[in-house]
Amino acid sequence: MMEYYNITVAGQQRSLPIVPISPELSIAAFVIFGDTAIVEPCARELAARLPKDVDYLLTAEAKSIPLIYELAKVMEMPRYLIARKSVKGYMSSPVVTPVRSITTDHQQILCLDQEDQQRIKGSRIALVDDVISTGASLSALETLVEQAGGTVVARAAILAEGDAADRDDIIYLEKIPLFFHGQKEKE
């Protein structure tokens, strides 16, 4: 029988299925793909909390793409940036960094092509994600920004998961727990 974690974020109620990601750990799965009713209000709330001196928003492919798109619209930014999970044939001189997120069972990469590196150089960047948990994706994005010569001025997500909610360097709307098997949930 499926268990759910109930949450209200940006005025929207959701029942998130609790799914195992390892023998010891389950998470409340928050997937914004296709959920326009939650993306737009979350983007508005995050935009109100982000610094006003941001030049570009940057996220990792793929789950946060709807959020960063809507966030860029709300902030009236003509462009946002996406770190891809593989080097594409059209990329010129990409910078690449490894990443291993909590929901992926193997190491991946994130990369930026030369064009986006030029945009980042000397710019103020806000990193955006749907959920921040271990911070591995944020760390990889930050590495790419540093390699490209930019400055990270904000780190933002809809949700902070587990210990991420204790971080004082991220902006988030709500927190969700991690579920350790055989133990009580950890907020």
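Is Arg119 buried or exposed? Arg119 is buried, with a relative accessible area of 18%. The close-up views below are taken from a predicted model.

**View 1. A salt bridge within helix α3 joins Asp116 and Arg119.** The closest N and O atoms of the two side chains are 2.8 Å apart. Helix α3 covers residues 114–120, and the two partners are three residues apart in it, so about one helical turn separates them. Asp116 has a relative accessible area of 12% and is buried. Arg119, at 18%, counts as buried because the cut-off is under 20%.

**View 2. A salt bridge between Arg124 and Asp53 links distant parts of the chain.** Here the closest N and O atoms are 3.9 Å apart. Arg124 belongs to strand β8 (residues 124–132), while Asp53 sits in the loop between α1 (36–49) and β4 (56–60). In sequence the two residues are 71 residues apart. Arg124 has a relative accessible area of 33% and is partly exposed. Asp53 is also partly exposed, at 38%.

**View 3. Four charged residues form a network of salt bridges.** The members are Glu142, Arg155, Arg167 and Asp169. Within this network, the side chains of Asp169 and Arg167 meet at 2.8 Å, N to O. Asp169 is partly exposed, with a relative accessible area of 30%. Arg167 is partly exposed as well, at 28%. In the whole structure, a search finds 13 salt bridges.

**View 4. The largest nonpolar core holds 34 residues.** Phe30, Leu46, Leu50, Leu57, Leu71, Ile158 and Leu159 touch the most other members of this core. The elements that give two or more residues to the core are the helices α1 and α2 (65–74) and the strands β1 (4–9), β2 (12–20), β8, β9 (151–161) and β10 (171–176). Helix α1 gives the most, with six residues. Apart from this core lies another, of 25 residues, including Ala60, Leu81, Ala157 and Ala164. In soluble globular proteins, nonpolar side chains tend to be buried together.

**View 5. Leu159 and the residues it touches.** Leu159 is one of the residues that touch the most other members of the largest nonpolar core. Which residues does Leu159 touch, not counting those up to four places away in sequence? They are Ile7, Val9, Phe30, Asp130, Val131, Ile132, Tyr172, Glu174 and Ile176. Phe30 is listed with Leu159 among the core residues that touch the most other members.

How values were computed: Residues are numbered from 1 along each chain as its sequence is written. This is a predicted model: local features need pLDDT of at least 70, side-chain atom pairs count only at pLDDT 80 or more; totals for chains, interfaces and linings use all residues. Side-chain values use heavy atoms; hydrogens and water are left out. Helices (H or I, at least four residues) and strands (E, at least two) are DSSP runs, numbered from the N terminus. Buried means under 20% relative accessible area, exposed over 50%, partly exposed in between (1.4 Å probe, protein chains only). A nonpolar core is a set of buried Ala, Val, Leu, Ile, Met, Phe, Trp, Tyr and Cys residues joined through side-chain atoms within 4.5 Å. Contact means heavy atoms within 4.5 Å.
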